[in-house]
Amino acid sequence: MVRTGEPAARHVAAVERALTVLDTLAEGEELGTNELARRTRINASTVSRLLATLAAGGFVEHVPETGRYRLGLRLLQLGNAVLSRLDLRRVARPQLEALAAETGETATLSAPGGRDAITVDFVQSEASVQSVARLGRPSIAHATATGKVLLAFGAVELPEPPLEVFTPKTITDPRAVEREIERVRERGYAEALGEREEDLNAIAAPVFEARGSLAAILGLQGPASRLDRAAMREALPALLARAGTISNALGWTEPPR
């Protein structure tokens, strides 16, 4: 057989049936053999053999009290092994590029830090007037959109007063900062209008990992003369969609509302 480096085109039917059983159990509830057979349209005796094999490998668990089956811990181990190999920047880079192309502004990716979020990647705007992003630059928690997302969704405490003033629009009243962070939690994104630099506006959204913790922050920034409130509202759906795509790639699933 000639090796092409591509997966074989022919599939193993028994493996496909086993995957169908796992997908059905992943819908969330414990199921018995007959119910699994009904939902998957696989013969009950075949389902029984598949469950025995999957249980032996730890992929499903038999619940003695009910006689039903649920997903096993072996799947969690495999999932964690996959997640540990994911490079955040590699996963996020296509979304950064797409966001910058869709909006014409600079897209940034920041990682949560102990006090501030740190820029780990960005795609510069192609416009003649640009906002300049720099790798390793901290996003001040109370004065940037990225920093506000960190305060709202990360394991970071609100900064202690007195809060540094960067521009006349910087929020420095601790109670006002608390109210702002609560709005960010409710909306699912943050915005900053000239709060760190007078001519710089930005919006940012959280990126979550599989367990629901903050993995990164996706941001969009541009000159206030171009990225005004109307432009920010127009760019927001793209920002949220790209942040959601990165989160999904990291194993996060949005909980039902």
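Helices here are DSSP runs of H or I with at least four residues, numbered from the N terminus. With that in hand, select Val15: it is found in helix H1, residues 13–25. What you have open is a predicted model. Val15 counts as partly exposed, at 47% relative accessibility. Now add Thr146 and draw a line between the two C-alpha atoms: they are 44 Å apart, with these positions 131 residues apart along the chain.

**Helix H6**

You already have a foot in the next stop. Select residues 145–153, helix H6. Eight of its nine residues are buried, so the helix is largely enclosed by the rest of the structure. The buried ones are Ala145, Thr146, Gly147, Lys148, Val149, Leu150, Leu151 and Ala152. Phe153 counts as partly exposed, with a relative accessibility of 24%.

**The aromatic cluster**

Stay on Phe153 and show Phe208 and Trp252 as sticks: these three residues form one aromatic cluster. Searching the whole structure turns up two aromatic pairs. In one, Phe153 meets Phe208 edge-to-face, at 5.8 Å centre to centre and 80 degrees between the planes. That pair links distant parts of the chain, since Phe153 belongs to helix H6 and Phe208 to strand S7, 55 residues away. Swing round to the other side of the cluster, where Phe208 and Trp252 make a tilted pair: 5.3 Å between centres, 35 degrees between planes. Trp252 sits in the segment after H8 while Phe208 lies in S7, so this pair ties together parts 44 residues apart in sequence. Phe208 and Trp252 are both buried, and for Phe208 the relative accessible area is 15%.

**The sheet**

Strand S7 leads to the sheet. Which order do the strands follow? Colour them as you go: S5-S4-S3-S8-S7-S6, six strands in an open sheet with antiparallel pairing. At the edges are S5 (138–139) and S6 (190–193), each pairing on one side only. Zoom in on S3 and S4 (residues 117–123), which run antiparallel and are joined by six bridges. To pick out one of the bridges, select Ala111; its partner in S4 is Ile118.

**Two cores**

In soluble globular proteins, nonpolar side chains tend to be buried together. To see it here, select Leu99, Val207, Leu218, Leu239 and Ile246, the residues with the most contacts inside the largest nonpolar core, which has 26 residues. Helices H5 (88–103) and H8 (229–249) and strands S3 (106–112), S7 (200–208) and S8 (214–223) each give two or more residues to this core. The largest share, seven residues, comes from H8. Apart from this core lies another one, of 20 residues, including Ala117, Ala152, Ala204 and Leu214.

**Ile246 and Gln95**

Back in the largest core, centre on Ile246. What does Ile246 touch, not counting residues up to four places away in sequence? The list is Val91, Ala92, Gln95, Val207 and Leu218. Pick Gln95 from that list: this residue lies in helix H5. Gln95 has a relative accessible area of 12%, and because the cut-off is under 20%, it counts as buried. Leaving aside neighbours within four places in sequence, Gln95 is in contact with Arg242, Thr245 and Ile246. Put a distance on the side chains of Gln95 and Arg242, where you will find a polar contact of 2.8 Å.

**Out to the loops**

Next, select Glu160, in the loop between H6 and helix H7 (174–187). Is Glu160 buried or exposed? Exposed, with a relative accessible area of 66%. From Glu160 to Leu99, the C-alpha separation is 34 Å, with the two 61 residues apart along the chain.

Most residues other than glycine have a negative phi, and most peptide bonds are trans. For a cis peptide bond, look at Pro161 and Pro162, where omega is about 0 degrees; Pro162 lies in the loop between H6 and H7. For a positive phi in a residue other than glycine, go to Arg41, where phi is near 60 degrees. Arg41 is found in the loop between helices H2 (33–40) and H3 (44–56), and it is exposed, at 79% relative accessible area.

Last stop: select Arg187 and Tyr189. The charged end of Arg187 sits over the Tyr189 ring, 4.8 Å from the ring's centre.

Key:
Residues are numbered from 1 along each chain as its sequence is written. This is a predicted model: local features need pLDDT of at least 70, side-chain atom pairs count only at pLDDT 80 or more; totals for chains, interfaces and linings use all residues. Side-chain values use heavy atoms; hydrogens and water are left out. A nonpolar core is a set of buried Ala, Val, Leu, Ile, Met, Phe, Trp, Tyr and Cys residues joined through side-chain atoms within 4.5 Å. Buried means under 20% relative accessible area, exposed over 50%, partly exposed in between (1.4 Å probe, protein chains only). Contact means heavy atoms within 4.5 Å. A polar contact is a pair of N or O atoms within 3.5 Å; within protein, one must be able to donate a hydrogen and the other to accept it, and residues adjacent in sequence count only if both atoms are side-chain atoms. Rings of Phe, Tyr and Trp (its six-membered ring) pair if their centres lie within 6.5 Å; planes under 30 degrees apart count as stacked, over 60 as edge-to-face and the rest as tilted. A charge sits over a ring if NZ of Lys or CZ of Arg is within 6 Å of the ring centre and within 35 degrees of the ring normal. Two strands pair if DSSP finds at least two bridges between them.
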